[in-house]
Amino acid sequence: MGWGAGFADFDNDGHMDLLFVNGNVYPEIEKHFADYKHKNPRMLLRNTGGGAFVDMSERGGSGIVTPHSSRGCAFGDFDNDGDVDAVVMNMNEPPSLLRNDVKNSNHWLKLKLVGTKSNRSAIGARVIVRAGEWRQRQDVFSQSSFYSQSDLRLHFGLGAREKADAIEIRWPSGLAERHRDIKADQILTLKEGSGETL
C-alpha cells in the first residue's frame, strides 16, 4: 500500500523522478494472507522524458529495496551538496535518511524565496526557470507528501546547462518578478521586491 510520495529531480537531468514508500496498515496481515506483506520495499522511478519512467529501485541500494512499513516521506537537500535526498518515517522503527550521492556532470539551481509583502516563507509562490529551450515550473507548498513537510527551497535540475536564462516568480501578493542570467550550481536566496518587475 502506497503512502508518502513525491516528484523530485534526483539526477539533475531536468526531469522529475518519482519516489514512493509503502507499507500495509495491519501488522498481523501476513498471519492471515501470506501474499500480503506488512513491510514493503520503496519504489524509485527515473523519468526518461516524454512521459516515460524506468524502475530504478534495484539500483537504489538497500535504502530502497529493504522492506519497511513506511508512511511519510519528505524531500530536500539535507547535506547541501546539490542533489535531492529524502527522509522516510517508518512504523515502529527509526526514520530512514536516503542520501542521494549520484555522481554526474549535470548542473542544478536551488532557490530559497523570502517574502516581504507576501508571507515570509513564500508559500503559494509560483516559479518558472528557463534554461535554453527548457521551461520548468515549481510552486512553494506547505505540505508535500503524507504527513510530511519537504524543504521549502525549490530544486531545479539543469542538465548540461551552466546557467538559467531567467527565473520568473509570481509571489502570493500578486507581484511578478524576473531575474536573468543566473549561474548554476548554487543555492540562491531571492527576496520579494529584489527583481525586475514583469
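**View 1. Arg161, a buried arginine with two partners.** At 19% relative accessibility, Arg161 of this predicted model counts as buried, because the cut-off for that label is under 20%. Its salt-bridge partner is Glu133, with the closest N and O atoms 2.7 Å apart. Glu133 sits in the loop between strand E9 (126-131) and strand E10 (134-139), while Arg161 belongs to the loop between strand E11 (154-159) and strand E12 (163-170), so the bridge ties together parts that are 28 residues apart in sequence. Is Glu133 buried or exposed? Glu133 is exposed, at 63% relative accessible area. Arg161 also lies over the face of Trp134, at 3.8 Å from the ring centre.

**View 2. Around Trp134.** Here the ring from the previous view takes the middle of the frame. Trp134 is part of strand E10 and comes out as partly exposed, with 21% relative accessible area. Which residues does Trp134 touch, once neighbours within four places in sequence are set aside? The contacts are Asp13, Gly14, Val129, Gly157, Leu158, Gly159 and Arg161. For one of them, Leu158, the C-alpha to C-alpha distance from Trp134 is 8.5 Å, with the two positions 24 residues apart in sequence terms.

**View 3. Arg46 and Asp13, a link across the chain.** Asp13 turns up again here, this time as a salt-bridge partner of Arg46, at 3.4 Å from N to O. The two come from distant parts of the chain: Arg46 from strand E3 (residues 43-49), Asp13 from the loop between strand E1 (2-8) and strand E2 (17-22), 33 residues apart. Asp13 is buried, at 12% relative accessible area, whereas Arg46 is partly exposed, at 32%. As for the chemistry, side chains of opposite charge can pair when their charged atoms come close.

**View 4. Asp151 with Arg153, and the salt-bridge tally.** Another salt bridge joins the side chains of Asp151 and Arg153, at 2.8 Å from N to O. Asp151 counts as partly exposed, with 30% relative accessibility. Elsewhere, Asp11, Asp13 and Arg46 belong to one network, connected by salt bridges that share partners. How many salt bridges does the count come to? The count is 14.

**View 5. Phe10 against Phe75.** A search of the whole structure turns up five aromatic pairs, and Phe10 with Phe75 is one of the tilted kind, at 6.2 Å centre to centre and 50° between the planes. Phe10 lies in the loop between E1 and E2 and Phe75 in strand E5 (residues 70-76), so this pair ties together parts that are 65 residues apart in sequence. Both rings belong to buried residues: Phe10 is at 12% relative accessibility and Phe75 is at 10%.

**View 6. Phe33 and Tyr36, edge to face.** Why is this pair called edge-to-face? The planes of Phe33 and Tyr36 stand at 90°, with the ring centres 6.1 Å apart, so the pair is edge-to-face; the label applies because the angle cut-off is over 60 degrees. Phe33 is partly exposed, at 48% relative accessibility, and Tyr36 is exposed, at 51%. The cut-off for exposed is over 50%, so the two residues get separate labels.

**View 7. An aromatic cluster.** The last close-up goes to Trp3, Phe146 and Tyr147, which form one aromatic cluster.

Conventions. Residues are numbered from 1 along each chain as its sequence is written. This is a predicted model: local features need pLDDT of at least 70, side-chain atom pairs count only at pLDDT 80 or more; totals for chains, interfaces and linings use all residues. Side-chain values use heavy atoms; hydrogens and water are left out. A salt bridge is a side-chain nitrogen of Lys or Arg within 4 Å of a carboxyl oxygen of Asp or Glu. Helices (H or I, at least four residues) and strands (E, at least two) are DSSP runs, numbered from the N terminus. Buried means under 20% relative accessible area, exposed over 50%, partly exposed in between (1.4 Å probe, protein chains only). Rings of Phe, Tyr and Trp (its six-membered ring) pair if their centres lie within 6.5 Å; planes under 30 degrees apart count as stacked, over 60 as edge-to-face and the rest as tilted. A charge sits over a ring if NZ of Lys or CZ of Arg is within 6 Å of the ring centre and within 35 degrees of the ring normal. Contact means heavy atoms within 4.5 Å.
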